[in-house]
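Q: I have a structure to go through with you. Could we take it topic by topic?

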Amino acid sequence: MQSNAILTALTKKKQQLQQRISAIEADFKKGRSADFAEQTTESENDQVLDEIHHEAKIELQQVVEALHRLDNDQYGICSQCTETIDPKRLNVLPYTNICINCAT
């Protein structure tokens, strides 16, 4: 993947994650139903949303770090062994910072 395509993909992913996080946070701010049964369902939904929110924030941080690596000419280099990360791996997971050998 070329540098411009990587930058575009990572920037798009960053925007998507920011929108997802904002939507979840807006949902958390909404009031809850006065109906007790409905509150139980909403509470269960909140637990699921909280996990999705947490995962999205982690993924967003990884994308931001990948953008920094791209800016510093460190993109595609394994942070553990300093070998080049296979381009196929980067196509699947463009914000990864470790090669497949170090990941296993």
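Q: Among contacts in the protein chain between residues at least 6 apart in sequence, what percentage join residues at least 24 apart?
A: The share is 54%, where a contact means heavy atoms within 4.5 Å. This is a predicted model, in which local features need pLDDT of at least 70 and side-chain atom pairs count only at pLDDT 80 or more, while totals for chains, interfaces and linings use all residues. Residues are numbered from 1 along each chain as its sequence is written, and side-chain values use heavy atoms, with hydrogens and water left out.

Q: How many helices and strands are there in the protein chain?
A: The protein chain has four helices and zero strands, and its pattern along the sequence is α-α-α-α. Helices (H or I, at least four residues) and strands (E, at least two) are DSSP runs, numbered from the N terminus.

Q: And what percentage of the residues is buried?
A: Of the 104 residues in the protein chain, 26% are buried. Buried means under 20% relative accessible area, exposed means over 50%, and partly exposed lies in between (1.4 Å probe, protein chains only).

Q: How much area does the protein chain expose?
A: About 7,200 Å² is exposed, and carbon and sulfur atoms supply 50% of it. The areas come from the Shrake-Rupley method with a 1.4 Å probe; for residues, only the protein chains shown count as cover.

Q: Turning to the interior, which residues have the most contacts inside the largest nonpolar core?
A: They are Leu 10, Val 63 and Tyr 75, in a core of 17 residues. Helix H1 (3–29) and helix H2 (36–71) each supply at least two residues of this core, and the largest share, six residues, comes from H2. A nonpolar core here is a set of buried Ala, Val, Leu, Ile, Met, Phe, Trp, Tyr and Cys residues joined through side-chain atoms within 4.5 Å.

Q: Which residues is Val 63 in contact with, leaving aside its neighbours within four places in sequence?
A: With those neighbours left aside, Val 63 is in contact with Leu 10, Lys 13, Lys 14, Leu 17 and Tyr 95.

Q: Lys 13 is charged, I see. Which side chain does Lys 13 meet in a salt bridge?
A: Lys 13 pairs with the side chain of Glu 59, at 3.3 Å from N to O. A salt bridge requires a side-chain nitrogen of Lys or Arg within 4 Å of a carboxyl oxygen of Asp or Glu. The pair links distant parts of the chain, with Lys 13 in helix H1 and Glu 59 in helix H2, 46 residues apart. A search of the whole structure finds one salt bridge.

Q: Are Lys 13 and Glu 59 buried or exposed?
A: Lys 13 is partly exposed at 25% relative accessibility, whereas Glu 59 is buried at 15%.

Q: What about Arg 69: how far away is the nearest side chain of opposite charge?
A: That side chain is Glu 65, at 4.6 Å; Arg 69 is buried yet has no salt bridge. In this count Lys and Arg are positive and Asp and Glu negative, with His and the chain ends not counted. Arg 69 is found in helix H2. Leaving aside neighbours within four places in sequence, Arg 69 is in contact with Gln 74, Tyr 75, Tyr 95, Thr 96 and Asn 97.

Q: Next, the cysteines. Why is there no bond between Cys 78 and Cys 81?
A: Their sulfurs are 3.7 Å apart, which is too far for a bond. A disulfide is counted when a pair of cysteine sulfur atoms lies within 2.5 Å, and the count comes to zero disulfides.

Q: Is the picture at Cys 78 and Cys 81 buried or exposed?
A: Cys 78 is buried, with a relative accessible area of 2%. Cys 81 is partly exposed, with 29%.

Q: Which loop holds Asp 73, and what is its phi?
A: Asp 73 is in the loop between H2 and helix H3 (87–92). Its phi is positive, about 55 degrees, although Asp 73 is not a glycine. Asp 73 counts as exposed, at 67% relative accessibility.

Q: And what is the phi of Thr 82?
A: Thr 82 has a positive phi near 65 degrees, in a residue other than glycine. Thr 82 is found in the loop between H2 and H3 and is exposed, at 58% relative accessibility.

Q: One last topic: how far apart in space are Thr 11 and Leu 67?
A: They are 8.0 Å apart, C-alpha to C-alpha, and 56 residues apart in sequence. Thr 11 is found in helix H1.
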